[in-house]
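Please open the model in your viewer and keep the sequence panel beside it. We will go from stop to stop, and at each one you get something to select.

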Amino acid sequence: MNIHFRKLANADEPLVLHDVVDVSEVVKGRKDILAVAPLSVDLKALPAGTDSVNVVGTLSGEVDMLCSRCLTEVNSKLNIPFAETFKWLKQPILPEDEDEELIYIKDEIVDLIPYVEENFVLHLPDSVLCKADCLGLCQKCGQNLNEGTCSCDNTVIDPRLAGLKGFFTKQDN
């Protein structure tokens, strides 16, 4: 998915881009992601002043992830906003007043795929819950507490007071 920067910077009309991008390689190795559907990319590239081009639009797709509490599969629909501004770099050295919002380019043709992949990864949720009140798994036996309770003693004792746990039971004898 390339744009010809110099032609587009001097164009009168925006360039509309529709494509499907396979992003499975960029999430390879993440154990919380089970499957990722190809990303639907709808972008519009517009001239934005002298030697600048704005690329705006949306990225949409689906990701199957594991619930961070109970490890059940959760399908997440993603609708990611995309907005990048590219500026032609006239000198081989970056300007001193470099704007962090701009992406400085030197080549005539700009490949948008790395920027699409970067936006996708940055907008992935850190953790996903199957439902807001997910109870998770029992820490002792691994039972999914959303499906039923277990017979484990899950009384949480403050470690600072753990020495007093047996104090009262010894006096009762």
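Let us begin with Leu161: at 48% relative accessibility, this residue counts as partly exposed (buried means under 20% relative accessible area, exposed over 50%, and partly exposed in between, with a 1.4 Å probe and protein chains only). Leu161 sits in the loop between helix H2 (113-122) and helix H3 (167-172); helices (H or I, at least four residues) and strands (E, at least two) are DSSP runs, numbered from the N terminus.

Before moving on, some housekeeping. This is a predicted model, in which local features need pLDDT of at least 70, side-chain atom pairs count only at pLDDT 80 or more, and totals for chains, interfaces and linings use all residues. Residues are numbered from 1 along each chain as its sequence is written, and side-chain values use heavy atoms, with hydrogens and water left out.

**Stop 1: the surface patch**

Now add Leu164 and Phe167 to your selection. Together with Leu161 they make up a nonpolar surface patch with about 280 Å² of accessible area. Patches are made of residues with over 30% relative accessible area and no salt bridge; like charges are joined within 9 Å, and nonpolar side chains (Val, Leu, Ile, Met, Phe, Trp, Tyr) within 5 Å. Accessible areas come from the Shrake-Rupley method with a 1.4 Å probe, and for residues only the protein chains shown count as cover.

**Stop 2: the whole protein**

Zoom out and switch to a cartoon. You should find three helices and eight strands, in the order β-α-β-β-β-β-β-β-β-α-α along the sequence. Of the 173 residues, 30% count as buried. The accessible surface comes to about 11,600 Å², and 51% of it belongs to carbon and sulfur atoms.

**Stop 3: the core**

Select Met1, Leu43, Val55, Phe86, Leu112 and Phe120. These are the residues with the most contacts inside the largest nonpolar core, which has 38 residues. A nonpolar core is a set of buried Ala, Val, Leu, Ile, Met, Phe, Trp, Tyr and Cys residues joined through side-chain atoms within 4.5 Å. Among the elements that give two or more residues to this core are helix H1 (5-9), strand S2 (15-21) and H2. Which element gives the most? That is S6, with six residues.

Next, center on Met1. Leaving aside neighbours within four places in sequence, Met1 has contacts (heavy atoms within 4.5 Å) that include Leu17, Val41, Leu43, Leu112 and Val116.

**Stop 4: the paired strands**

Color S3, S4, S5 and S6. Two strands pair if DSSP finds at least two bridges between them. S5 is antiparallel to S3 over three bridges, and in that pairing Ala35 stands opposite Asp64 of S5. S4 and S5 are also antiparallel, over eight bridges; select Lys44 and you will see its bridge partner, Val56, in S5. S5 and S6 run antiparallel as well, joined by 15 bridges, with Asn54 opposite Thr85 in S6.

**Stop 5: two hairpin turns**

Follow S4 into S5. This hairpin has four residues between the strands, and Gly49 takes a positive phi near 90° there. Then go on to the hairpin of S5 and S6, with six residues between the strands. Here Leu71 has a phi near 65°, a positive value in a residue other than glycine. For background, most residues other than glycine have a negative phi. Leu71 is exposed, with a relative accessible area of 52%.

Leu66, in strand S5, is a good next selection. Apart from neighbours within four places in sequence, Leu66 is in contact with Lys31, Asp32, Leu34, Leu71, Thr72 and Val128. The C-alpha atoms of Leu66 and Leu34 are separated by 7.2 Å, although the two residues are 32 apart along the chain.

**Stop 6: the salt bridges**

How many salt bridges does the structure hold? There are two, a salt bridge being a side-chain nitrogen of Lys or Arg within 4 Å of a carboxyl oxygen of Asp or Glu. Show Arg30 and Asp32 as sticks: their side chains meet at 2.8 Å, N to O. Arg30 is partly exposed at 30%, and Asp32 is partly exposed at 21%.

Finish with Glu62 and Lys77, whose side chains meet at 3.1 Å, N to O. Glu62 lies in S5 and Lys77 in S6, so this pair ties together parts that are 15 residues apart in sequence. Glu62 counts as partly exposed at 34% relative accessibility, whereas Lys77 is exposed at 63%.
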